[in-house]
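Q: Please take a close look at one part of this model, its helices, and say which of their residues face inward and which face outward. Place that part in the chain as a whole.

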Amino acid sequence: MSLEEKVIELTQEEHDIEVVSYGMQILGDGIKTILIIMILGILVGHLVESVIYLGFSLLGTCIMGGYHCKTQGRCLLCTVLLWGIMLYLSATLRMPSGSMFWKYILCVILLIVLFFASAQNVNKPLSQEVYIANKSYSVCFCFGITVTIMLLMDKHLQIAMLLLINYVEIVVSMILGKGVYWYVKGKDGKTGGKSSRKDGCSYC
């Protein structure tokens with residue numbers, strides 16, 4: 001008996017084995033990604049920053065959607081790369097806490113989210129009701145993060161910078177995901193076919 005069949009038997013409910021298998025793949029990939037980032041964080045002495053990155057990225061991407069890599073390997077590589085960029089920029093960028101520049105950046109990001117949130121997966125399009133709900137959650141999430149970052153800038157500038165950089169990465173991923181969705185839907189509309197894009201990423 002396979003592991004998926006054992007899970008179905010334990011729940012005592014009827015499930016499609018492919019759905020259970022996909023869910024277990026998502027769980028396994030997520031755990032693997034989290035462990036790798038945590039281990040890397042410990043090795044470079046930035047465990048707290050790594051925890052912030054993981055928590056914020058997972059929450060933000062779940063709410064706002066994002067770009068899906070075609071393979072899990074690429075997804076892991078992108079995740080580690082974005083983590084490294086966040087650490088590097090937060091350590092090298094220096095800007096006075098009272099600077100209006102960051103506040104302008106946050107306002108621009110909020111406007112982008114108002115117009116573009118949220119991204120959808122071309123293989124799993126959302127219903128209109130779910131899409132509208134996700135858009136509302138995205139705006140509320142971004143408004144809360146904007147206020148939080150502004151408050152942290154006065155006394156906890158490094159944490160504010162970590163959140164800001166990670167926030168920008170999440171929004172860029174959302175824009176890319178939205179662009180891919182529009183491109184594929186437009187292409188399928190011209191050919192009258194169904195999208196054949198296969199996303200291997202279950203983390204982002």
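A: What follows starts with the whole chain and then goes through individual helices.

The model is a predicted one. Its chain contains seven helices and zero strands, and the order along the sequence is α-α-α-α-α-α-α. Of the 204 residues in the chain, 38% are buried. Among contacts with a separation of 6 or more, 74% are between residues 24 or more positions apart. The accessible surface of the chain is about 12,000 Å², and carbon and sulfur atoms account for 69% of that area.

Helix α4 covers residues 72-92, which is 21 residues. From first C-alpha to last, α4 reaches 30 Å, close to the 30 Å expected at 1.5 Å a residue. Its buried residues are Gln 72, Cys 75, Leu 76, Thr 79, Trp 83, Met 86, Leu 87 and Ser 90. These residues lie on the same side of α4 because they cover an arc of only 110° around the axis. The face turned away from that buried side carries Gly 73, Leu 77, Leu 81 and Tyr 88, which are exposed.

Helix α5 can be described in the same terms. It runs over residues 100-116 and has 17 residues. The distance from its first C-alpha to its last is 24 Å, close to the 24 Å expected at 1.5 Å a residue. Trp 102, Leu 106, Ile 109, Leu 110 and Val 113 are the residues listed as buried in α5. Viewed down the axis of α5, the buried residues fall within an arc of 100°, so they line one face of the helix. Tyr 104 and Phe 115 are exposed on the other side of α5.

One of the buried residues of α5, Val 113, is touched by Ser 138, a residue of helix α6 (residues 128-155). Ser 138 counts as buried because its relative accessibility is 0%, under the 20% cut-off. Leaving aside residues up to four places away in sequence, Ser 138 touches Ile 63, Met 64, Val 113, Ala 117 and Ser 118.

Ile 63 belongs to helix α3 (residues 47-64). With residues up to four places away in sequence again left out, Ile 63 touches Ser 118, Asn 134, Tyr 137, Ser 138 and Phe 141. Ser 118 is thus touched by Ile 63 and also by Ser 138. Ile 63 and Cys 142 are 79 residues apart along the chain, and their C-alpha atoms are separated by 10.0 Å.

Another residue of α6 is Thr 148. Thr 148 counts as partly exposed because its relative accessibility is 34%, which falls between the cut-offs of 20% and 50%. Thr 148 is 16 residues from Leu 164 in sequence, and the two are 10.0 Å apart in space, C-alpha to C-alpha.

Turning to the surface, Leu 27, Ile 31, Leu 35, Ile 39, Leu 43 and Val 44 make a nonpolar patch of about 610 Å². Leu 43, one of these residues, is found in helix α2 (residues 17-44). Leu 43 is classed as exposed because its relative accessible area is 67%, over the 50% cut-off.

Note on methods. Residues numbered from 1 in each chain as written. Predicted model: local features only at pLDDT ≥ 70, side-chain atom pairs only at ≥ 80, totals over all residues. Heavy atoms only, no water. Helix = DSSP H or I, 4+ residues; strand = E, 2+ residues; numbered from the N terminus. Expected span 1.5 Å × (residues − 1). Buried < 20%, exposed > 50% of the residue type's maximum accessible area, 1.4 Å probe, protein only. Arc of directions from axis to C-beta. Patch = residues over 30% accessible without salt bridge, like charges linked within 9 Å, V, L, I, M, F, W, Y side chains within 5 Å. Areas by Shrake-Rupley, 256 points an atom, 1.4 Å probe, with all protein chains shown as cover. Salt bridge = Lys/Arg side-chain N within 4 Å of Asp/Glu carboxyl O. Contact = heavy atoms within 4.5 Å.
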